[in-house]
Amino acid sequence: YRDSLPTLSKYLNDGYAADLLSTRPDITSVAWPSFATGQNPGQTGLFDFLHRDPETLTFSLNDVREREFDFFWEYLDGETGVASVPMVPYRSPEGFFIQGSLARVNANRITNARAIADILGDAYDYHVDVSAQTGDIKSNLLNRVASREQVYCRLVEEYDLECYFMMFSAVDFAQHHFWAFT
């Protein structure tokens, strides 16, 4: 896709590189909303997976849908395709949207287009989360990568958009899985 992605090709050819630091704390529930919004945790108000109610001192899972965020793709002039970005709730951009993990998945509304839902359900073994699958983790992750590649290639073929932001999260899932053994 080098010819189709001239900006990325320019960076690859010119050797552009920089260190990319994570958020503090450097955990999923903080990092993904910060990445998708360009705001730090102090601006998003997300510091953990859990929110503590100061009145009752009870904990609940942070629900990103309750926050008023502007995601970076909403500032782009052209249509955008967004797929599988963790912690990012359903929001219908011009283009397409496929729900990511940990965003309070609504099985009836993981995408904004019925045609995409049909593609995901009928043609591919597409799961929002690896935990929705059975079997060993290695097979699940390899199947996830293959399925994402097929789905994303088809979406690029069917949708002529200005920007595609499509997440391959198998490595992230593997890392989370193996943390239990460290």
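Student: Is tryptophan 73 buried or exposed?
Tutor: This is a predicted model. In this model, tryptophan 73 has 4% relative accessibility. The cut-off for buried is under 20%. So tryptophan 73 counts as buried.

Student: How many residues does the largest nonpolar core have?
Tutor: Look for the set that holds Trp73, one of the residues with the most contacts inside the core. Phe71, Val82, Val85 and Val88 are also among those with the most contacts. The size of this largest nonpolar core is 13 residues.

Student: How many residues are in the second core?
Tutor: This core is separate from the largest one. Its members include Ile98, Leu120, Val151 and Leu161. The count is 10 residues.

Student: Which kind of ring pair do phenylalanine 72 and tryptophan 73 form?
Tutor: A search of the whole structure gives 9 aromatic pairs. For phenylalanine 72 and tryptophan 73, the ring centres are 5.2 Å apart and the planes stand at 75°. Planes over 60 degrees apart pass the edge-to-face cut-off. So this pair is edge-to-face.

Student: Which residues do ring pairs link into a cluster?
Tutor: Phenylalanine 72 is partly exposed, at 28% relative accessibility. It belongs to the cluster, and so does tryptophan 73. The full list is Trp32, Phe35, Phe71, Phe72, Trp73 and Phe165.

Student: What separates lysine 10 and aspartate 14 along helix H1?
Tutor: Their side chains meet in a salt bridge, 3.3 Å from N to O. Aspartate 14 is exposed, at 54% relative accessibility. The two residues are 4 apart in helix H1, so the separation is about one helical turn.

Student: Which residue forms a salt bridge with glutamate 158?
Tutor: Glutamate 158 is partly exposed, with a relative accessible area of 46%. Its partner sits 4 residues away in helix H5 (residues 137-158), about one helical turn. The closest N and O atoms are 2.7 Å apart, and the partner is arginine 154.

Student: How many salt bridges does a search of the whole structure find?
Tutor: Two have come up, lysine 10 with aspartate 14 and glutamate 158 with arginine 154. Arginine 24 and aspartate 26 also meet in one, at 3.6 Å from N to O. Arginine 24 is exposed, at 66% relative accessibility. The whole search finds 3.

Student: What accessible area do Leu5, Leu8 and Leu12 have together?
Tutor: Leucine 8 lies in helix H1 (residues 6-14). It is partly exposed, at 47% relative accessibility. Leu5, Leu8 and Leu12 form a nonpolar surface patch, and their accessible area together is about 270 Å².

Terms used. Residues are numbered from 1 along each chain as its sequence is written. This is a predicted model: local features need pLDDT of at least 70, side-chain atom pairs count only at pLDDT 80 or more; totals for chains, interfaces and linings use all residues. Side-chain values use heavy atoms; hydrogens and water are left out. Patches are made of residues with over 30% relative accessible area and no salt bridge: like charges are joined within 9 Å, nonpolar side chains (Val, Leu, Ile, Met, Phe, Trp, Tyr) within 5 Å. Accessible areas come from the Shrake-Rupley method with a 1.4 Å probe; for residues, only the protein chains shown count as cover. A salt bridge is a side-chain nitrogen of Lys or Arg within 4 Å of a carboxyl oxygen of Asp or Glu. Buried means under 20% relative accessible area, exposed over 50%, partly exposed in between (1.4 Å probe, protein chains only). A nonpolar core is a set of buried Ala, Val, Leu, Ile, Met, Phe, Trp, Tyr and Cys residues joined through side-chain atoms within 4.5 Å. Rings of Phe, Tyr and Trp (its six-membered ring) pair if their centres lie within 6.5 Å; planes under 30 degrees apart count as stacked, over 60 as edge-to-face and the rest as tilted.
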